[in-house]
Amino acid sequence: MKLKKLTLLSAAITFVLLVTCMPKQMQPRQKPNILIIYVDDLGYGDLSCYGAKAVKTPHIDELANNGLLFTDAHSSASTCTPSRYSLLTGSYAFRNNAAILPGDAPLIIDPERVTIADMLKKAGYITGVIGKWHLGLGNGEPDWNIEIKPGPKEIGFDYSFLIPATADRVPTVFVENQRVVNLEKENPIEVSYDHKIGTLPTGLEHPEQLKMKADTQHSGTIINGISRIGFMSGGSSAHWKDEEFATVLSQKAKAFITKHKDKPFFMYYSLPSIHVPRSPNAKFVGATEMGPRGDDIVQMDWMVGEIMKNLRDLGIDKNTLVIFSSDNGPVLDDGYADNAVELIGEHQPSGIYRGGKYSAYEGGTRMPTITYWPDVIKPGRSDALFNQVDLFASLATLTGQQVDNKNAPDSKDMSQVLLGNSSDGRKSMLQESFTMSIRSGAWKYIEPLSKEVPDWLANKTIETGLSSAPQLYNLKEDPEEMNDLSAKYPEKVKELAKELNRIKGM
Ligand code: NG6
Ligand code: CA
């Protein structure tokens with residue numbers, strides 16, 4: 001008996017010694033929690049850790065200083081819905097014609113499809129999405145007065161608390177577990193995207209009631225002093241206050257984490273900042289000299305700080321992999337007169353890169369991106385080429401899952417790149433915008449497209465990168481994409497056009 005005890009004890013000691021002597025990466029550990037903090041319309045140059053001077057982002061800087069800061073990491077597209085589609089499915093968005101959706105669009109992800117949430121659920125994770133959705137809900141135009149199906153639950157999320165589309169689109173209500181929050185039966189919601197309904201004033205009729213003037217497309221129903229895209233009636237007890245986004249979402253995110261602190265959880269935390277209408281809470285108003293756009297960056301940084309503090313307070317920060325990034329590049333005037341253009345000063349929202357939201361140039365998709373996992377990820381910088389479409393396969397590998405290329409056809413395992421153990425990023429990648437581009441090593445090819453930009457974009461000074469001629473840039477020599485080399489290297493143009501068509505399956 002005594003001998004048996006002794007043998008057991010010595011085995012235990014040997015195990016502990018073995019484990020502590022192993023290199024860190026080989027040590028068995030409980031599956032890490034995974035937290036994707038996904039912000040909206042934040043550009044490469046918008047954070048102080050990426051060189052911004054006109055705004056300070058101490059909480060995100062702390063992640064960068066103690067984690068891995070990426071210099072060539074991309075969203076899959078230069079607008080929201082396509083990027084989010086790719087992140088969740090591991091598929092380029094063009095494969096499903098995913099484009100910016102109206103607020104009453106049906107869910108664009110087929111519930112039969114295995115999403116990143118399904119995959120992590122299978123790996124034993126509790127899954128949640130909190131914040132901006134913009135992937136559609138329901139089968140047709142949703143009925144907002146009953147349970148809205150299919151939605152996040154049908155594509156793998158155990159819990160959801162959503163801004164259904166964008167803050168500038170009706171309905172302006174939160175949807176928790178697929179039901180509108182605080183809805184009163186006697187005051188049902190109706191939504192229309194083509195004509196006025198109900199009696200609520202619109203921005204076109206009553207501009208004097210607005211906190212911010214807006215362009216024609218954003219001059220639908222006024223809710224909380226802000227006119228929106230689209231029209232709605234009813235649901236008055238459910239209408240959100242934009243100025244409360246930061247506190248409401250922080251509270252929901254903390255509640256989810258706290259509830260599931262003892263299990264591995266996956267949280268897709270999708271912050272509506274800094275998308276229009278920028279309406280930061282009073283405590284952030286005036287935080288910068290740049291008006292609401294700058295102040296909203298500070299609010300967003302505060303939200304990151306709140307969630308990190310929560311992880312530390314619960315003692316689970318060391319076992320949580322945090323991935324911070326944005327869905328598309330920056331935009332100043334996106335429909336509301338919030339002085340973003342007038343107050344920009346020396347600040348460069350895309351850093352040195354050309355273009356921004358809606359653009360085929362680098363500013364459209366090159367995103368501020370940080371991975372953070374204390375004791376596992378060594379602080380540093382990575383110049384590896386990475387695309388958010390790769391999160392699916394990378395997180396699958398990190399959690400011991402098989403990647404099925406039928407489900408996530410464009411996703412590549414970049415787990416070691418995300419952890420900083422490898423600088424071997426992608427060799428090539430697609431970039432989606434109104435047109436398509438391809439990166440291959442230092443080369444960047446932009447496919448010609450003689451399409452007119454939509455009317456709502458035509459009168460804004462947004463560089464879409466559209467041209468009826470092919471464009472070719474060498475990013476190593478010319479990261480600003482100023483010297484089109486297509487005439488000089490016609491063979492390269494041909495080669496990349498062919499490669500692009502191959503990816504498109506043509
Ligand atoms: C555009 C909106 C813009 C923004 C964008 C979606 C107009 C004039 N502009 O159509 O304000 O809402 O859609 O942004 O309607 S995204 O970040 O969700 O892609
Ligand atoms: Ca966006």
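**Helix packing and local backbone features**

In this predicted model, helix 2 (residues 58-65) packs against helix 6 at an angle of about 60 degrees, and the axes of the two helices lie 7 Å apart. Because an angle of this value falls outside the ranges that count as roughly parallel, roughly antiparallel or roughly perpendicular, helix 2 and helix 6 are oblique to each other. On the side of helix 2 the contact involves Pro58, His59 and Ile60, which meet Asp301, Trp302, Val304, Gly305 and Met308 of helix 6. By residue class, the contact of helix 2 with helix 6 comprises five nonpolar, two polar and one charged residue.

Helix 6 (residues 292-313) also packs with helix 5 (residues 245-259), the axes of these two helices coming within 10 Å and crossing at roughly 20 degrees. Since angles under 35 degrees count as roughly parallel, helix 5 is roughly parallel to helix 6. The crossing of this pair is right-handed. Helix 5 contributes Ala246, Leu249, Ser250, Ala253, Lys254 and Ile257 to the contact, while helix 6 contributes Gln299, Trp302, Met303, Glu306, Ile307, Asn310 and Leu311. The residues of the contact between helix 5 and helix 6 consist of eight nonpolar, three polar and two charged. Trp302 of helix 6 takes part in the contact with helix 5 and is also met by residues of helix 2.

Several backbone features are located in loops. Most residues other than glycine have a negative phi, and most peptide bonds are trans. Against this background, the peptide bond joining Lys149 and Pro150 is cis, with omega about -10 degrees, and Pro150 is placed in the loop between strand 4 (126-132) and strand 5 (159-163). A cis peptide bond also joins Val276 and Pro277, where omega is about -10 degrees; Pro277 belongs to the loop that runs between strand 12 (265-270) and helix 6. Asn97, a residue other than glycine, has a positive phi near 50 degrees, and Asn97 is found in the loop between helix 3 (80-89) and helix 4 (116-122).

An unreviewed UniProt entry lists residues 32-400 under "domain: Sulfatase N-terminal". Over residues 32-400 the chain is 20% helix and 16% strand, and the C-alpha atoms at the two ends of this range are 12 Å apart.

As to confidence, the mean pLDDT of the protein is 94, with 94% of its residues reaching 70 or more. Two stretches depart from this level: over residues 1-9 the pLDDT stays under 50, and the model has zero contacts beyond four places in sequence for these residues, whereas residues 11-28, for which the pLDDT is also below 50, have five contacts in the model beyond near neighbours in sequence. Where pLDDT is low, the predicted coordinates should not be read in detail. For the complex, the predictor gives an ipTM of 0.97 and a pTM of 0.94.

Notes
Residues are numbered from 1 along each chain as its sequence is written. Chains are lettered from A and ligands numbered from 1 in the order in which they are written. This is a predicted model: local features need pLDDT of at least 70, side-chain atom pairs count only at pLDDT 80 or more; totals for chains, interfaces and linings use all residues. Axes are lines fitted to C-alpha atoms, for helices over the stretch in contact, and angles run from 0 to 180 degrees between N-to-C directions. Helices (H or I, at least four residues) and strands (E, at least two) are DSSP runs, numbered from the N terminus. Angles under 35 degrees count as roughly parallel, over 145 as roughly antiparallel, 65 to 115 as roughly perpendicular and the rest as oblique. A crossing is left-handed if the near helix is turned anticlockwise from the far one by less than a right angle, and right-handed if clockwise. Two residues are in contact if their C-beta atoms, placed from the backbone, lie within 7 Å. Ala, Val, Leu, Ile, Met, Phe, Trp, Tyr, Cys and Pro count as nonpolar, Asp, Glu, Lys and Arg as charged, and the others, Gly among them, as polar. UniProt positions are given in the numbering used here, feature names are shortened, and annotations may be inferred rather than shown by experiment. pLDDT is the predictor's confidence in each residue, from 0 to 100.
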